[in-house]
Amino acid sequence: MLPTPKLDFLPVLPELILAGAGIVTLLYEALAPRASRATHLGLSLVGLAAAAGASIALWDRTGDPTVLAGAIQADRLAVVARVIIISVAAVGLLLGTHYYDRSGDERRGEFYPLVLFATTGMTLIVAAADLIVVFLALEILSLSLYVLTGMSRRGQATEASMKYFLLGAFASAFFLYGVAMAYGATGTTKIAGIAHALAGQTGGQALALVALGFLAIGFGFKVSAVPFHMWTPDVYQGAPTPVTAFMAAATKVAAFGALIRVLDVSFQPLAWDWMPVIWALAAASVVVGSVLAIAQSDVKRMLAYSSIAHAGFVLTGLTAANQDGIRAALFYLIAYAMMTLGSFGVVMLVSVRGEERTSLASYSGLGRRQPLLAGLMALFMLSLAGIPPTAGFIAKVGVFGAAIRAGHWQLALVGVVSSVAAAFFYLRVVVLMYMQEPQGEEQEEDRSPLPRLALAVPAILTLVLGVFPQMLLGVLDKASVLRW
Amino acid sequence: MPLDNVVFWVFAPIAVASAIAMLVQRNAVHAALLLIVNFFCIAVFYLLLGAPFLFAVQVIVYAGAIMVLFLFVIMLLGVDRGDTLRERLVGQRPAAIGLGLALALEVFFAVRAGVGFAAKAPVGFEKVNAGGNAQALARVLFRDYFFPFEATSVLLIVAAIAAMVLAQRKARAITQAGAEAAGRGEVA
Amino acid sequence: MIRLPLVLVFSALLFSAGVYGVLARRNAVLVLMSIELMLNAVNVNLVGFSAALRSLTGQIFALFVIAVAAAEVGIGLAIVILLFRNRETINVDEVNLLKW
C-alpha cells in the first residue's frame, strides 16, 4: 500500500472545473448533436464563471504555497493570471459563437470543449510549480490551439494549423532539452528546487546556463519574441479571427506567467546571466515587430507583428528581474490582453461571413458606416500605440520605468523610439476610418448586438485602467510577490 | 572494458549513423525504417542506464505504435512521394554540422567542468530500484507525480477530440478541395 | 555504468541531427519524424541524468515525454492528412497561401 500524499485539491479547483466543463460540453455535443450553439455557449460560460470564482476564492489562501506533492503553486500571481485568461476565454467564446453562426460554416460543436481545454492548460501553466507540469500544461494548450487554428474550411486555416504545429512541436523539443539540462544541473525539476540547488552551488554552472539558453528558445517561440517569431503572422492571419483573438491574448499571458516563474524563481541565482539574453530578445522584438508591422496591408497580419512588439515590451519589464518588473509586466499583460482581444474582435465584425475584408483598405470610411465599431477600433488602436488616457499608455510607462530603475535605460530608449514608429501604423488605421470616404459599393454590414456587448468588456477595461490604474496596481502589488 | 561500454560503443555508432542516414534519405519509408533502428538502439541504452521499464515502453510505444502510425500515413499519402534533398539555404548543411558538433562539445565541457552532482552522496541505483524498476517507478509516479499523471488525461482527451475533428469532415472537405482547386485554376 | 559525458554527447548529436532534419526536410512527415528524433534525444538525456543522479524523476519525465509525443504525433499526422486532402501536397515549401 502506498503512503498517500496530502491531497489538497482546492488550489486546482479552477482547472478541475474548466476540464469538467470541457467534458460536459463534449458529451453534450455527442448526445445532442442537433442542439443549438446557445446551449453550448451557456454551459461553457457557466463553467468559466465558476472557475473564475474558484480562482478569486484562492486570493486569501494561507498556508503552504506549494501543494499536491510540489506540482502546483497556489500564490496570487496564479490567481491574477487565471482570472485574465478566463475572462479572455469568455469573450473569445462569445466572439466565436457569432463567427460560426455567421460564416456559414458547418456546426463546430467541438469549438467549445477545445477552448475550455486550452483554457485549462493556460491556467495550469501559470500555477505550475514543477517543470513537468509546465511542460504538460504547455502541450495541453498547444495541442488544443493547433486544432482550433485549423477550425475553418478555408485552406489558409489548415495551412496555418500545420505551420503552428510544426514550429510549436519544434519549440517544445527545445524547451524539453532545456528542462533535461536543468534537471541534470540541479537534480530536480521543481521550480523552487532548482533555485535552491543553484543558490547552493558555487561555480561550475555551465550546465545550468545551457539549460537556460534552451528554455529561453522554447519560451521565445511561445511568446513569439524575435528571432523566434516567424510563425506568428501566418498563424494569426490564417486562424479563424475569434481563435486568433483568444490565442493572441491568452497564450501570451499564460506563457509569460510561466516564464516569470522560471526566470524570477528558478534562475534567480543566475539573474545576471539571463538578463542580457532577455534584454536582447526584448530589444529585437520591439524593433522588428514595429518595423515589419508598418509594411503590412492586412490588418490581422499587422496586429500579429504588433503582438510581437508587445511581447518585447513585456520582456522589457522582465529585464528588471525584481518585483517591480514583475508588476509592470503583469499590468502590461492585462492591458495587452484587453486591447488585442478587442481589436481582433472588431476585425471579426468588420469582416462579415468569415474572413473577407481584412485588408486595411476595407477600413476606409468605417467611421461613417459603423460609428460604434470605428470608435472601438480607434480606442484599441490608441491604446496599442500607447497614447493616454488608455491602459496601453500606463502599461508602457510601467515597463519603461521598471527597466530604467533597474539600470536598463538604453532598452527603455529603444522601446520609446520604437513606440513612436509604431504609433504611425496604429494611427494610420484611425485616419483611414475617419478621414477617408468609404470605398466600393454598399456592402452587407454586421450589426448583431451580442459580440458588441462582448467587446464592451475589453473596451471599458482599456479606458478604466488608463484613467484609474491605481485600482489594479494595488492588486498587482500583492500578486507580484512570488512565494517559494 | 566492462560489458556496458562494449554495448555502448557498438550501438552508439549505429544510432548516430541511422539518424544521419534518415536525414539524407530520399524515400520516406526507408527514413521511417531507419528511425525505428535508431529508436531500438536508444531502447538498448535505457537498459544500460538502469531503466528497463522505459526500455519496454520505448520498444512498444515508440518503435511499435508511433512508427507504425508514421508508416501507415506514409502509405496512405503515397509511397512514391519522394523528397528532394536540394538545400533551401546555401551552406546550410556545413553550418548545421558545425553547430551540431559545437553543441556536443559544449555539453561535453559543461559536464567536464563539474556540475555538482558528483559531490552528492549517491544512494546507489540498486537501492532506488528496490523491488524492480517498474515497481519503483510506480511508487514515485503515483505518489510524487500523481498530479502530472492526471493532467495527462486532459492531454489525451484533447488529442482524441483533435483527431476526430480533423478527420471527420471527409466528404465535405473533398468537395471543398475540389472547388478550391478549381478556383485557383481560374486565377492562375 | 556508462560515463555521463558520453551519454550527453551522444544525445546532443541526435538532437542536432533532429534540428537539421526539421530545418532541411520539406516533406511534412519527415519533419515530424525529425521532431521525434529530437524528443528521443531529450529522453536519452533524462535517463542518463537519472542514472547519474540516482533519482527516478528523470525516468518519470521521460515517460511523460513519450506519452505527450504519442499524442502530438496523432494530431500532427491528422493535420498532415487534412492538408493533403485540401491541397494535394505535403511539401512544406508548396504550402504558401500565407506568406512565410
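The contact between chains A and C takes 30 residues from chain A and 32 residues from chain C, two residues being in contact if their C-beta atoms, placed from the backbone, lie within 7 Å. This is a predicted model, in which local features need pLDDT of at least 70 and side-chain atom pairs count only at pLDDT 80 or more, while totals for chains, interfaces and linings use all residues. Residues are numbered from 1 along each chain as its sequence is written, and chains are lettered from A and ligands numbered from 1 in the order in which they are written.

On the side of chain A that touches chain C, α5 (131–149), α6 (155–186) and α9 (231–238) of chain A each supply at least two residues, and α6(A) gives the largest share, with 17 residues. Helices here are DSSP runs (H or I, at least four residues), as are strands (E, at least two), numbered from the N terminus.

Chain C also meets chain B, where 59 residues of chain C are in contact with 69 residues of chain B. The helices α1 (4–24), α2 (28–53) and α3 (57–87) of chain C each supply at least two residues of the side that touches chain B, the largest share, 23 residues, coming from α3(C).

The table gives the make-up of these two sides and of a helix contact within chain A; Ala, Val, Leu, Ile, Met, Phe, Trp, Tyr, Cys and Pro count as nonpolar, Asp, Glu, Lys and Arg as charged, and the others, Gly among them, as polar.

| Contact | Nonpolar | Polar | Charged |
|---|---|---|---|
| Side of chain A that touches chain C | 16 residues | 11 residues | 3 residues |
| Side of chain C that touches chain B | 45 residues | 9 residues | 5 residues |
| α13(A) with α19(A) | 7 residues | no residues | 2 residues |

In that helix contact, Arg327(A), Leu330(A), Phe331(A) and Ile334(A) of α13(A) meet residues of α19(A), among them Leu472(A), Leu476(A) and Asp477(A).

Chain C itself has 3 helices and 0 strands, and its elements run α-α-α from the N terminus on. Its radius of gyration (taken over C-alpha atoms) is 17 Å, well over the 13 Å that the globule rule (2.2 Å times the number of residues to the power 0.38) gives for 100 residues, so chain C is more spread out than a compact globule. The C-alpha trace of chain C spans about 50 × 25 × 20 Å along its principal axes. Among contacts in chain C between residues at least 6 apart in sequence, 47% join residues at least 24 apart.
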